[in-house]
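The following exercises concern charged side chains and a nonpolar part of the surface. Please work through each task with the structure open before reading its solution.

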Amino acid sequence: MTADLSDIDAYIRDQEAELADRDRQLPFTEAEYRDRLTRLRRRMAADRLDVLLLTAPDTMCWLHGYTNRWYRQHSSTRFPPVHCTIVRADDERTVLIEPAYHEQLVRLTSCVDEFVGVEGFRGEPTLTDFVDVLTTELSARGRPYGRIGVESWSSVPNPAVAGTVASALTGRGATVVDASAAVRGVRRIKSPAEIAVIERAQAACDAGLRHLHANARPGTTELEAWNLLMTGVITAGGEPTAMHETVAAGPPMPLLHGLSGRRPIGAGELFHPDAAAAVDRYHARLTRPFSMGEPPKALTRLTEIAAGAYDVVQSTAQVGLPFRELHRALRAYFAGSGAADCWAGGYELGVSFMPDWVGEFCWDIQDEETEDVIEAGLVTNFESCAFVAVVDTVVFEETGPRFLSSVPREVLVVGDAH
């Protein structure tokens with residue numbers, strides 16, 4: 001039986017009504033998001049910024065929760081990136097500009113105060129449409145444009161769109177400055193609520209590694225191993241992160257920056273799952289060396305050296321200590337280990353969106369000049385490399401550093417010997 005048009009119209013209306021009745025899903029309380037806005041506006045005042053135009057997906061998610069999967073960062077020129085969140089120094093309300101058809105998505109995933117939809121021909125706005133909406137919004141109530149901060153180091157918008165927007169703003173009297181470091185700096189120290197979510201992500205990451213450990217066998221391909229890893233992650237409540245996770249057979253560098261392939265992992269081979277997992281877009285990291293069968297003594301010893309660096313961090317990295325002091329302690333440890341080409345360091349963890357990075361802060365034991373100091377609430381990964389890689393997530397706390405993974409820092413043996 002063929003449905004008539006009234007049946008189709010009724011079905012569509014029912015589906016739209018069901019969507020409209022759904023509750024908004026936010027990983028944090030509105031009070032948490034308001035606190036973030038307060039800290040951001042405080043930084044704006046310190047930097048003499050009248051307006052911030054936030055375009056980075058991770059920044060918008062951090063500020064008001066908005067989550068999308070198409071930010072048009074590498075789209076056809078027919079689909080320019082036409083979104084931003086406006087934050088004003090003289091107004092506590094936040095405004096999100098997005099294509100009009102994303103209004104329901106914004107309502108479901110964000111606590112932004114106001115949504116302004118950009119209409120366009122057949123629903124797709126042009127860059128001109130976006131600039132018109134943006135400049136109209138910025139000119140509301142006769143305000144001067146003043147100093148406008150933008151996220152120049154974000155991949156969104158692309159250079160063509162960023163240049164057009166900047167020209168339109170400066171043509172109307174604005175001074176456009178890069179505020180990337182300022183915005184990222186406000187996000188650097190994590191709240192207890194953020195750390196709790198990262199802990200859940202670490203638990204999912206651990207579950208993924210254990211699932212791989214329990215199920216890999218000789219002949220398992222890198223992609224099949226990746227599938228085992230992610231099955232464990234997702235079953236445990238995790239989700240994919242910004243950078244594609246990989247399982248690579250052979251030396252960890254440069255293979256851990258490659259994509260998993262269909263190459264079988266043979267008996268006796270070394271392989272690394274470079275694991276990550278996110279919960280509510282916040283991610284944690286984990287890597288351990290795996291051996292397909294009984295590992296050679298050299299592999300075991302190299303893993304012990306990489307793992308020993310964790311004891312150095314545990315005994316040295318106190319809040320208030322300059323990072324260069326921790327770097328010196330780790331360099332001294334590796335120099336006495338007998339292994340060549342060792343390295344350690346980390347980068348900030350937090351909100352994780354494609355394409356491949358999150359946060360601003362990095363640390364590296366070769367950096368002797370840094371003025372950075374260990375702060376409570378900083379969360380990074382810790383990568384310890386002595387040919388093999390041992391990676392974990394560390395929370396720097398008043399009581400000392402706390403590593404989140406419960407997976408042993410040793411060679412994980414799979415296959416016939418497992």
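**Exercise 1.** Find which residues are linked with R36 in a network of salt bridges.

*Solution.* The network of salt bridges links R36 with E32 and E194, where a salt bridge is a side-chain nitrogen of Lys or Arg within 4 Å of a carboxyl oxygen of Asp or Glu. A search of the whole structure finds 25 salt bridges.

Before going on, note the basis of these values: the model is predicted, so that local features need pLDDT of at least 70 and side-chain atom pairs count only at pLDDT 80 or more, while totals for chains, interfaces and linings use all residues. Residues are numbered from 1 along each chain as its sequence is written, and side-chain values use heavy atoms, with hydrogens and water left out.

**Exercise 2.** Determine which parts of the chain are tied together by the salt bridge between R200 and D280, and state how exposed each partner is.

*Solution.* Begin with the contact itself, in which the closest N and O atoms of R200 and D280 are 3.8 Å apart. Next, place the partners: R200 lies in helix α8 (residues 192–215) and D280 in the loop between β8 (270–279) and β9 (282–287), so the pair ties together parts that are 80 residues apart in sequence. Helices (H or I, at least four residues) and strands (E, at least two) are DSSP runs, numbered from the N terminus. Finally, R200 is partly exposed at a relative accessible area of 48%, and D280 is partly exposed at 29%; buried means under 20% relative accessible area, exposed over 50%, and partly exposed in between (1.4 Å probe, protein chains only).

**Exercise 3.** Examine D392 and work out where R288, its salt-bridge partner at 3.6 Å, lies; then do likewise for R409.

*Solution.* In the salt bridge of R288 with D392, the N to O distance is 3.6 Å. R288 belongs to the loop between β9 and β10 (290–292), whereas D392 is in strand β14 (residues 388–397), so this pair ties together parts 104 residues apart in sequence. Both R288 and D392 are buried, D392 having a relative accessible area of 0%. Turning to R409, its side chain also meets D392 in a salt bridge, at 3.9 Å from N to O. R409 lies in the loop between β15 (400–403) and β16 (412–414) and D392 in strand β14, so the parts tied together here are 17 residues apart in sequence. R409 is partly exposed, at 31% relative accessibility.

**Exercise 4.** Establish in which helix Y11 lies, and whether Y11 is buried or exposed.

*Solution.* Y11 is found in helix α1 (residues 5–21) and is exposed, with a relative accessible area of 53%.
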